[in-house]
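Colleague: I would like to go through this model with you, one question at a time. Please keep the answers plain.

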Amino acid sequence: MSSTVFTNIGELTTNGGEGVLHDAALVVDGERIAWIGPSARAPAADERVDVDGRAVLPGWVDSHTHLAFAGDRSAEFAARMAGESYAAGGIKVSVERTRAASSEELRGLMAERVRAANRGGTTWLETKTGYGLNVETEERSARLAAEVSQDVTYLGAHVVPDGWDADDYVGLVTGKMLDAVRPHVTWIDVFCERGAFDEDQSRAVLQAGLDAGLGLRVHGNQLGPGPGVKLAVELGAASVDHCNFLDADDIERLGASTTVATLLPACDLSTRQPFPPARALIDAGATVALASNCNPGTSYTTSMGFCVATAVLQMHMTVQEAVWSATMGGARALGRHEGALPIGALAPGFRADLQVLDAPSVTHLAYRPGMQLTQAVWQAGAPIA
């Protein structure tokens, strides 16, 4: 394995104890970060990359996506922009198209979405099943997702498909369907929301996943107040995602727990939902992550830079808070922030996932919203974009 020194870094966001460094350097040895410090003291390495005063930061960790789908729902989006409210039933349109797609087509669509995410600075992403809603397509989605994503989540409990009684469908999700997807997934998720699954049904899904050795994730409190946050914290879920409608008790629970509040600002723009109370969550001590929620109905984007800009401009997060939430926050939401090769920071021992901005500081991500600022990306020490 060779080593590479990145020099002349105008601003280095470490997410570690060193904070933000200026006129810095960074050494990558194989897949790991080996050294960070002042550019003038950079050790020798096999290769040298001069970033010419640009900003360097960790690669984005996108901890919530739905990449296993075919087709689009642009007509639904247009109707929503004309005044119709969002309802979870639109998911069924994607189910029909995903079931009809060939495995080769679905594989190609997912791979291209990952490549787009990589070009935008994403170096680690989670993705979910949930557009199959039968045993065959959920298993296929999980298997293909595992080819392109580092973390795969089983979301058979997305909505109740047509023709099914809700409790009977939960029985399928927690039985034969779970058995089929189990070899390919790390997590289980449930849409605990009106129009999807109630508290008892959601609890049954999560408990079955726990019994099968899967980590827990929850879609909760998106469309209105509900039990999602309470259930996620009670069961020790790694993350509860959306969190648009939180009361004081929900915020207090998240502040006192290890469950990450994963916020999805691009989705909130598309559905015209109120933004989650990011400022209140941070002030309460909750761990906050930002993710793209890339999906065909409510957030058809892999741009984490866009999500960061939106969080700053619309959710009253500072640029530094938003960048941390889109990197280390996502790593924590996936339990990847510690261990043998952790992600989410640029510090010795961490995986060498980094991006170079065509800008002197991360502030430009929000200062110049909508601009493609990621100039180059390294994943596990190798250039990918």
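Colleague: How many cavities of 30 Å³ or more does a search of the whole structure find?

Modeller: This is a predicted model, in which local features need pLDDT of at least 70 and side-chain atom pairs count only at pLDDT 80 or more, while totals for chains, interfaces and linings use all residues. Residues are numbered from 1 along each chain as its sequence is written, and side-chain values use heavy atoms, with hydrogens and water left out. A cavity is a set of points, on a 1 Å grid over the protein atoms alone, where a 1.4 Å probe fits but cannot get out. With grid points joined across faces, edges and corners, the search finds 1.

Colleague: Which residues lie closest to the centre of the largest cavity?

Modeller: The largest cavity holds about 120 Å³ of space, a volume being the space filled by probe spheres set on the points. Its lining, meaning residues with an atom within 4 Å of a point, has 15 residues. The closest to the centre are His66, Tyr86, His158, Asn295 and Thr298.

Colleague: Which residues of the UniProt "binding site" does the lining of the largest cavity include?

Modeller: The unreviewed UniProt entry lists His64, His66, His219 and Asn293 under that name; positions are in the numbering used here, feature names are shortened, and annotations may be inferred rather than shown by experiment. They are spread over 230 residues of sequence but cluster in space, with a largest C-alpha distance of 12.4 Å. Of these residues, the cavity lining includes His66, His219 and Asn293.

Colleague: Is His66 buried or exposed?

Modeller: His66 sits in the loop between β6 (60-62) and α1 (74-81); helices (H or I, at least four residues) and strands (E, at least two) are DSSP runs, numbered from the N terminus. Among the residues His66 touches (heavy atoms within 4.5 Å) are His158, His219 and Asn293. Buried means under 20% relative accessible area, exposed over 50%, partly exposed in between (1.4 Å probe, protein chains only). His66 has 2% relative accessibility, so His66 counts as buried.

Colleague: Which elements do the buried residues of helix α2 pack against?

Modeller: In α2 (residues 91-100), the buried residues are Ile91, Ser94, Val95 and Thr98. Seen down the axis, they fall within an arc of 105°, taken from the directions from the helix axis to the C-beta atoms, so they line one face. The face turned away carries the exposed residues Glu96 and Ala100. The buried residues pack against α3 (103-119), α4 (135-148) and β9 (187-192).

Notes:
On a 1 Å grid over the protein atoms alone, a cavity is a set of points where a 1.4 Å probe fits but cannot get out, and a pocket is an open set with protein on both sides within 12 Å along at least five of seven lines; lining residues have an atom within 4 Å of a point. Lists of a residue's contacts leave out its neighbours within four places in sequence.
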